[in-house]
Amino acid sequence: MKNKKHAWIFGYSKQSRSIAASLLAENFSITIIENDDKNFQDALSDGYVNSVLIDITADTELEKLDIKQSDWILCLMEDEYLNVFLTLSLRASCTCNQIIAISHSIYSTQKLIMAGANQVIDVYQVSANRIHNIFEKPITTKLMDNFISPSHEISFEEFTIPKNSFLDGAIIDEVDFDKFGIIFTGIVDKELGDELIFAASNINHKIDNGDIIICIGKNEDLVKFGKYLYKDIA
Amino acid sequence: MFSKYIVKFAFGLYNSKRYTSTKKFFYDLLENENYHYKKIVDIFLIILILSSVIELIYSIKHGVHGWLYIFDLYIVSIVFGIEYMLRLWVHSDMHKIIIKEYERSQFLKIQFKFYAAFIQILTEKWNYIKSPAAIIDLIAISPTYRELRILRIFKLLRYTTSIGQFINVLKTKRFELMTLLILLIFLIGTTGVAMYALEGNINKNINSIFDAVYWALITTATVGYGDIAPVTTMGRIISMIAIITGLVLMAFATSVIVSAFLEKLNEIKDNRLIDSINKEDRFVIICGYGQMAKMLLRQNNFDNKYVIIEKDPNIASQIAKDGFNVITDDVSRHDVITKFNIQYANVSILCIGNDDVENIYITLTAKSLSKDIRVIARASDISMKKKFVLAGADHVIVPNQMANIMLLTSIKQPVVYNVMHALLAGKHAAYLDEIKVLAYDGLIGKSIQEIEFKTKKLLLIGIQKEDHNDFIFNPPASTILEQNDILLIMGPKISVEHFINSFQRSLK
């Protein structure tokens, strides 16, 4: 049986509640870490029995948490100073983990990146981008809304190329994605690193197993493509 | 019987679309600052005023030329006369007063009396006739006394916002200025009478009470022409008192006017900003200044066609220091949005403050004024979204929801996150753009296959056809492009720009 992914969520605010609930639905196991007793009690009453109340500014207490290398770390503290400090402390002790932080201003976004977060989601930047797109690119906005809507029809999907699949060893230009009704958007060519290469860059890559391709399409077409890609793969 | 015909006539006008639209046209032409053609009429009238005044000045030394005389006496006067009559006409609706009076009489079951409505009509029109602008207009028409026509220059006051603002500022200090004026009249009167009593028979330059009052005014104003001077010791003492008191009064008057201007300075600045933004065909009103507004304006300053409305003067002053266009006002008030050209311009309102209640209220205020105003509102929580939709918001932004979706995508599908992030942020490597197929450009009539997007290093994501709102995702290669289709393409920014330029250059 495949191991459950584990996420450590630091901070149990209104925002982190919905993130925790979504991750739980995605079969993640979750541990909530809080330094505020009220939020800690809220986490417990919401059913997160693994929740821990600690002083998150104390390194010794963080080290006791036993965070594995493959675990995800989410820094969602409402206090911006604390969030930056926490990110820095965690990066110092968990050098290999993926750390994702939420930011509420451009200044703390920069600081969180400097502190070692792998991804920083700037709450207002995301919204500002969307307002900008509403004015400048209304169709793009509709499409993007589609991606983020729970009832989306068109979405992005990433596929890791399995060994011996029909794409293993294929040249991108020779693959007819139209046949599946989907658009090939980009590839992470593991031979070249983890950088995403967009399809329009016109570099004709050879696809190998382990590479990740990104496609955009209608949900049913993406599902069909996925089934075709993984067919006959043990 | 007469009343019956009058009422019938009033209802006839009320129901006549042609009459209503004609009257509205002339109203817009003369009074609506936001109407494009008003500017042309204003310029025409300003040229007429100036040419008339120049003709008058020229004629003082050079005499009156025949054709200039005819131009000034007839053409200018006739145009001003027509303008006066039109302004008087559009000032109020006579037929509506008659109908209102008639309906009142019907409701109360009393006989309709035309004279009651007639008095109301006269009162309404008289209110216009006695207004300073209308008096100046009337004088400007009068051709009888030639020298009086120099007063036509005062008609320019209509078109000079600065003078209008100056008068408005003075109006706010009416009480203080009137008190000072009464004091000044009292001072001039008493010193003039005293001087007449003391030197009326001694001073050869004071021959009447008028000479004495004239001396008092010249002395109080500290002008001192020297044509009349006191000759007795008592007269000189009165002069000294008049000069010192005059100086004090002048200082008071100056301080009152300066303080009035300081108090109104922000309002004047705000009005200027509103006037300048109202000249635009489309503009954005931003309500609520915070992180989101800052980030948005860093990304898109809407070609400077925006204004932030902030009710807190301290925050407004900080916004101004940050270099953004701001006015201090409470946007939830009905009359604030009506200051903007919502009738003719394409207006978008961004309610992006962090208070849901206020954002909803502003949304409702805007939508109650005009359904055409586009409202983009920020909701603090997904549960509030429904309320914003009910209030009429065209787009609802829930920052936490969007951030959460991005965060979850970054965990579940990290590569997809990179794509979406690049697209949302408009990164150069993955630039998503919309290209409208314009009339006569090189794209019309071509099939998607012919355009060869792939060789141009572009991906065609889909097409929005003009005839139906549905977005066609990944359209077949045989699809023919038509005018007003919108292509959604993705690729490196440089490729997108090159594609747009190459097809726009091929305009036939």
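**Exercise 1. A strand pair in chain B**

Work out how strand 8 and strand 10 of chain B pair, and place them in their sheet.

*Solution.* Start with the two strands. In this predicted model, strand 8 (residues 459–464) and strand 10 (residues 486–491) of chain B are paired antiparallel, with 5 bridges between them. To see the pairing on screen, pick B:Gly462: opposite it, in strand 10 of chain B, stands B:Leu488.

Next, widen the view to the whole sheet. It is an open one with 4 strands in chain B, in the order 7-10-8-9, and the pairing is antiparallel. At the edges you'll find strand 7 (431–436) and strand 9 (471–473) of chain B, each pairing on one side only. From one strand to the next, the twist averages 25°.

Last, zoom out to the chain. Chain B holds 20 helices and 10 strands. Of its 508 residues, 28% are buried. Take the contacts in chain B with a separation of 6 or more: 61% of them come from residues 24 or more positions apart.

**Exercise 2. Where chain B meets chain A**

Find which helix of chain B gives the most residues to the side that touches chain A.

*Solution.* First, count the two sides: 49 residues come from chain B and 53 residues from chain A. Then list what chain B brings. The elements giving two or more residues include helix 12 (291–299), strand 6 (395–397), helix 17 (399–412) and helix 18 (414–425) of chain B. Strands 7, 8, 9 and 10 of chain B are also among them, and those are the strands that make up the sheet of order 7-10-8-9.

Now pick the winner: helix 17 of chain B, with 12 residues. As a final step, sort the chain B side by class, and you get 32 nonpolar, 13 polar and 4 charged residues.

**Exercise 3. Building up the parallel sheet of chain A**

Starting from strand 1 of chain A, work out which strands it pairs with and in what sense.

*Solution.* Begin with the strand itself. Strand 1 (residues 6–10) of chain A is mostly covered, with 4 of its 5 residues buried.

One partner is strand 2 (residues 29–34) of chain A: the two run parallel and are joined by 5 bridges. Look for A:Phe10, which stands opposite A:Ile33 in strand 2 of chain A. Between these strands comes helix 1 (residues 14–25) of chain A, and the three together make a right-handed β-α-β unit.

Another partner is strand 4 of chain A, again in the parallel sense, over 4 bridges. Here A:Ala7 has A:Trp72 as its bridge partner.

Put the pieces together and you have an open sheet of 6 strands in chain A, with parallel pairing and the order 3-2-1-4-5-6. Its edge strands are strand 3 (52–53) and strand 6 (119–122) of chain A. Towards that second edge, strand 5 (residues 98–103) of chain A runs parallel to strand 6 of chain A, with 4 bridges; A:Ala101 stands opposite A:Val120 there. Helix 6 (residues 123–136) of chain A packs on the sheet, touching strands 5 and 6 of chain A, and makes about 60° with strand 6 of chain A.

**Exercise 4. One leucine in a helix**

Decide whether A:Leu90 is buried or exposed, and say why.

*Solution.* First, locate the residue: A:Leu90 belongs to helix 4 (residues 80–93) of chain A. That helix lies across strands 1, 4 and 5 of chain A, at about 175° to strand 5 of chain A.

Then compare with the cut-off. A residue is buried if 20 or more other C-beta atoms lie within 10 Å of its own. A:Leu90 has 25 such neighbours, so it counts as buried.

Finally, see what it touches. Leaving out residues up to four places away in sequence, A:Leu90 contacts A:Leu62, A:Ile73 and A:Ile99. Its C-alpha atom is also 9.7 Å from that of A:Ile56, 34 residues apart along the chain.

**Exercise 5. A strand with two partners**

Find the partners of strand 10 of chain A and how they run.

*Solution.* Strand 10 (residues 212–218) of chain A is mostly covered, as 6 of its 7 residues are buried. Strand 7 (residues 154–160) of chain A joins it antiparallel through 7 bridges, one pair being A:Glu158 and A:Ile214. Strand 8 (residues 183–188) of chain A also pairs with it antiparallel, over 5 bridges, and A:Ile187 stands opposite A:Ile213.

Note on methods:
Residues are numbered from 1 along each chain as its sequence is written. Chains are lettered from A and ligands numbered from 1 in the order in which they are written. This is a predicted model: local features need pLDDT of at least 70, side-chain atom pairs count only at pLDDT 80 or more; totals for chains, interfaces and linings use all residues. Two strands pair if DSSP finds at least two bridges between them. Axes are lines fitted to C-alpha atoms, for helices over the stretch in contact, and angles run from 0 to 180 degrees between N-to-C directions. A residue is buried if 20 or more other C-beta atoms lie within 10 Å of its own, exposed if 12 or fewer, and partly exposed in between; C-beta atoms are placed from the backbone. Two residues are in contact if their C-beta atoms, placed from the backbone, lie within 7 Å. Ala, Val, Leu, Ile, Met, Phe, Trp, Tyr, Cys and Pro count as nonpolar, Asp, Glu, Lys and Arg as charged, and the others, Gly among them, as polar. A crossover is right-handed if, with the strands pointing away from the viewer, the path from the first strand over the helix to the second runs clockwise.
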